[in-house]
Amino acid sequence: MQETRKRVLDALAEGPVGGPAIAEELDVSRAAVWKHVEALREAGFEIESREDGYVLVGTPEFGGAAVEFGLAAPFDVEYHEEIGSTNDRARELAGAGAEDVVVLADEQTGAKGRLDRAWASPSGGVWLSIVCRPDLPPAQVPIYTLAAAVATTEAVREVGVDAGIKWPNDVLVADDDGERKLAGILTEMEGEADRVSWVVVGIGLNANVDGEAVPDTATTIREQVGDVDRAALTRRLLERFDELRADTEAVLPAWRDLSSTLGRRVRVETPGGDVVGTAVDVEFPGSLVVETDEGEKRVSAGDCEHLRPV
Ligand code: BT5
């Protein structure tokens, strides 16, 4: 949201406040204040004009302005009610030089997981992609994926969903039927050998979505605890991600705390064959350490399956 509009909104949130007072405080014309108020109304903010001035009485349920309002992180949000894939759009923006932009959608029609798998994205989810331009070598980018998994898991725990992280990037909920996937992360990047030029972190979170609208192996926040305030949840997630990317040393300790993989028997499918054993640790920038019959092995990428204890 444009800076002056943000400041008008902040003033209204503390209202009632008169148009002339806002104009004076922000050093803009009264006509400009009026235009911002109208634009905010268009974006879904309910602003009453009363004798004692403007008052903000309602905020939009979801969307770019809803997420940006009160967001304590430096992201601009580009919202789409429907889009093919937020990652595709974010890559386009990244290629054009964008930074710290979040592409957010209510529904996606052509979303993808890793290895070009399809990702179900019905209306009511939180489907977003963050464009970052970190000063990192490509080999360290997995720490961003882990940071996103931590941020997502903490945000859903705050609304009462007992979720954990399956290495490297699945947010799962365990119940009597086993473990089902609540969120997934797809990180894409472009860069040179020593430094990335951009990273797009795509997060798909099944929020206010019916269980029937996602695969059998999946679950949703609605199914677990009922519907939530998606704008508030998205803000928490983005704020936490922003903190972690600035302090990457905090990522692994937080990841270990939330992990449902450590201590478990796992099978990891890697390009070099399956690695089977007990997951004992995660190491920078995101490798899983597996204790196998042939000793410790480190895997940096692959699909991980939690096995039953033997
Ligand atoms: C992932 O892939 O988990 C990464 C998913 C990333 C999706 C986000 S949404 C915003 C952004 N825009 C995009 O286009 N993508 C990102 P992977 O680990 O490969 O898991 C894919 C598998 O999960 C599929 O093969 C299905 O089995 C399952 N699946 C599909 N849709 C699902 C859903 N909504 N919830 C849980 N599981 C799902």
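Biologist: How many residues does the hairpin that joins β6 to β7 run through?

Modeller: In this predicted model, β6 and β7 pair in the antiparallel sense over 4 bridges. K166 stands opposite D170 in β7. The hairpin that joins β6 to β7 has a link of 3 residues.

Biologist: Which strand forms a hairpin with β7 and has 2 residues between itself and β7?

Modeller: The pairing to look for is antiparallel and covers 5 bridges. In that pairing, L172 of β7 has K181 opposite. With 2 residues between the two strands of the hairpin, the partner of β7 is β8.

Biologist: Is D170 buried or exposed?

Modeller: D170 lies in strand β7. Apart from neighbours within four places in sequence, D170 is in contact with G164, I165, K181 and A183. The cut-off for a buried residue is under 20% relative accessible area. D170 has 8% relative accessibility, so D170 counts as buried.

Biologist: What is the length of the polar contact between the side chains of D170 and K181?

Modeller: K181 is among the residues in contact with D170. K181 itself belongs to β8, where it stands opposite L172. The polar contact between the D170 and K181 side chains is 2.9 Å.

Biologist: Which strands stand at the edges of the open sheet of 7 strands?

Modeller: The order of the sheet is β3-β4-β5-β9-β8-β7-β6, and its pairing is mixed. An edge strand has a single partner, so one of its sides is left without a neighbour in the sheet. The strands in that position are β3 (76-83) and β6 (163-166).

Biologist: By how many degrees are neighbouring strands of this sheet turned against each other on average?

Modeller: The neighbours can be read from the order β3-β4-β5-β9-β8-β7-β6. Direction is ignored for this angle. The average turn between neighbouring strands is 20°.

Biologist: Which residue of β9 does I130 stand opposite?

Modeller: Strand β5 covers residues 126-132 and β9 covers residues 196-205. These strands run antiparallel and are joined by 7 bridges. Opposite I130 in β9 stands V201.

Biologist: What is the relative accessibility of L128?

Modeller: L128 is found in strand β5. Beyond its neighbours within four places in sequence, L128 is in contact with several residues, including V102, V103, L104, V201, G202 and I203. L128 counts as buried, because its relative accessibility is 0%.

Biologist: How far apart in space are L128 and Y79, C-alpha to C-alpha?

Modeller: In sequence, L128 and Y79 are 49 residues apart. In space, the C-alpha to C-alpha distance between L128 and Y79 is 9.1 Å.

Biologist: At about what angle to β6 does helix α6 run?

Modeller: Helix α6 covers residues 142-158. The helix lies across β5, β6, β7 (170-175), β8 (178-191) and β9. Its angle to β6 is about 165°.

Biologist: Which residue does a cis peptide bond join to F284?

Modeller: The omega of this bond is about 0°. The residue lies in the loop between β11 (273-283) and β12 (287-292). The residue joined to F284 is P285.

Biologist: What is the omega of the cis peptide bond between G15 and P16?

Modeller: P16 is placed in the loop between α1 (3-13) and α2 (19-26). The cis peptide bond that joins G15 and P16 has an omega of about 10°.

Biologist: Is D27 buried or exposed?

Modeller: D27 is found in the loop between α2 and α3 (30-42). Its phi is near 60°, a positive value in a residue other than glycine. The relative accessible area of D27 is 71%, and the cut-off for exposed is over 50%. D27 is therefore exposed.

Biologist: What is the relative accessible area of L115?

Modeller: L115 lies in the loop between β4 (101-108) and β5. L115 is not a glycine, although its phi is positive at about 50°. L115 is exposed, and its relative accessible area is 72%.

Biologist: What radius of gyration does the chain have?

Modeller: The chain comes to 9 helices and 14 strands. For 310 residues, a compact globule would have a radius of gyration near 19 Å. The value for the chain agrees with that, at 21 Å.

Definitions and conventions:
Residues numbered from 1 in each chain as written. Predicted model: local features only at pLDDT ≥ 70, side-chain atom pairs only at ≥ 80, totals over all residues. Heavy atoms only, no water. Pairing = 2+ DSSP bridges. Axes fitted to C-alpha atoms, helices over the stretch in contact; angles between N-to-C directions. Contact = heavy atoms within 4.5 Å. Buried < 20%, exposed > 50% of the residue type's maximum accessible area, 1.4 Å probe, protein only. Rg over C-alpha atoms; globule rule 2.2 N^0.38 Å. Polar contact = N/O pair within 3.5 Å; in protein donor to acceptor, adjacent residues only side chain to side chain.
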